[in-house]
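Open your viewer, get the selection tool ready, and let's take a walk through this fold together.

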Amino acid sequence: MVPSNLWGQWKRLAKHFESPHVGVCGWMLRLRPRGNLNFHRWSFYSTLTPPDEVTVDYQHGLPVITLTLPSRRERCRFAVKPTLTTVGAFLGDIQTEDKGVETAATFSEDGSRIPASTLMEVLLMNDFKLVINDRTYDVRPPVKKKLSSEHATEMEDVKSLVHRLFTALHLEDHQRRRERTLLEKVDSLKEQLRPLEQLKERIEAGSEAKTNRLMWAGLALLSTQGGALAWLTWWVYSWDIMEPVTYFVTFGSSMAFFAYFLLTRQDYSYPAIKDRQFLHFFYRRSKRRHFDVEKYNRLKEELKEAEESLRRLRPTLHLGLPVQEITEKN
């Protein structure tokens, strides 16, 4: 039995904590008897977690991290999804909750910085250090009980079933959203390519005309060379004098063709020469008219990929559509 005078002191103490002038701090005070009750030896103790400690506990299967916000000095609880939330997202939530948090980082026990892309599931496997501003907290997550092999197999079966149900219920909506996204992308790329295509056609037309003129000039040069050799052979000199000349002309042409191969690494053929000269004129005109060839090629590649993705996606959509809707789309 508790002595009456001690019981009265305890009631006055409890009434003091119930007073509106005393701030609500959430402390739980208990009286613990020590030794013989007749000597009135009682001691107070608290079940509250130290205010600056970072704790981790599990509620409804999710880890809940409790810490003290430095600006408001309030305890705040952060529930995280271990398989989805990253360390960077968790630190960002802390900075969003308390604008006074300028820097936040996590480190392992040996002082190595933990990347922001690390999943919280990996972080909570071992003890770590949480650094907020200039304050370092030692965090010791509780050890989770390992599931038995039978329970783990059941959980995997449940996850697989949920995944299949989600896919069956939402696959068509996802494919339709994907189709709309691809159509918008195709329209946007075509809109960007339209002025580039017009400028490219004008540049190609000018380059083609200049290449053709160059080919006709080569034919005229060869004709002039043949006529000059014939005139020198039959009207000025004799064949005995012109034969060595024609030999060296032929040998010089062979040397010129071999030099072309060494410089271009291409066989000397008229189609190859025409294509090479066309590209030379095209790039020179593109630079002069500020036509971005790299941007044009990149947009064409993106358009090709988007159209190919759309081509592969549409058959799967058509399989689940009514006939009239397929006809309407076609």
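A word on contact before we start: two parts touch when heavy atoms lie within 4.5 Å. Helices (DSSP H or I runs of at least four residues) and strands (E runs of at least two) are numbered from the N terminus. You are looking at a predicted model, where local features need pLDDT of at least 70 and side-chain atom pairs count only at pLDDT 80 or more, while totals for chains, interfaces and linings use all residues. Residues are numbered from 1 along each chain as its sequence is written, and side-chain values use heavy atoms, with hydrogens and water left out.

**Stop one: strands 3, 4 and 5**

Select residues 55-59, 62-68 and 75-79. Here is an open sheet of 3 strands in the order 3-4-5, paired antiparallel; strands count as paired if DSSP finds at least two bridges between them. Strand 3 (55-59) and strand 5 (75-79) are the edge strands, each pairing on one side only. From one strand to the next the twist averages 30°.

Now zoom in on V64. Which residue stands opposite V64 in strand 5? That is A79, and the two strands, 4 and 5, are joined antiparallel over 5 bridges. Turn to strand 3 and you will find D57 opposite V64 of strand 4; strand 3 and strand 4 also run antiparallel, with 5 bridges. While you are there, click on H60: the hairpin of strand 3 and strand 4 has 2 residues between the strands, and H60 takes a positive phi near 55°.

**Stop two: helix 2**

Select residues 87-97. Helix 2 lies across strand 4 and strand 5, and runs at about 145° to strand 5. Such angles run from 0 to 180 degrees between N-to-C directions, with axes as lines fitted to C-alpha atoms, for helices over the stretch in contact.

**Stop three: strands 6, 7 and 8**

Add residues 104-108, 128-132 and 135-139. These 3 strands form an open sheet in the order 6-7-8, with antiparallel pairing. Strand 6 (104-108) and strand 8 (135-139) each have a single partner strand, so one side of each is left without a neighbour in the sheet. The twist here averages 25° from one strand to the next. Strand 7 and strand 8 pair over 5 bridges, and K129 has D138 in strand 8 as its bridge partner. Helix 2 packs on this sheet too, touching strand 6 and strand 7, at about 140° to the direction of strand 6.

**Stop four: the second largest pocket**

Select L214, M215, G218, L219 and L222, which are among the residues lining the second largest pocket, then add F257, Y268 and Q277, also in the lining. A pocket, on a 1 Å grid over the protein atoms alone, is an open set of points where a 1.4 Å probe fits, with protein on both sides within 12 Å along at least five of seven lines; lining residues have an atom within 4 Å of a point. Helix 4 (149-236) gives the largest share of the lining, 6 residues.

**Last stop: the UniProt spans**

An unreviewed UniProt entry lists residues 214-233 and 245-263 as "transmembrane region". Residues 214-233 are 100% helix, with end C-alpha atoms 29 Å apart. Residues 245-263 are likewise 100% helix, and their end C-alpha atoms are 27 Å apart.

Notes: UniProt positions renumbered as here; feature names shortened; annotations may be inferred.
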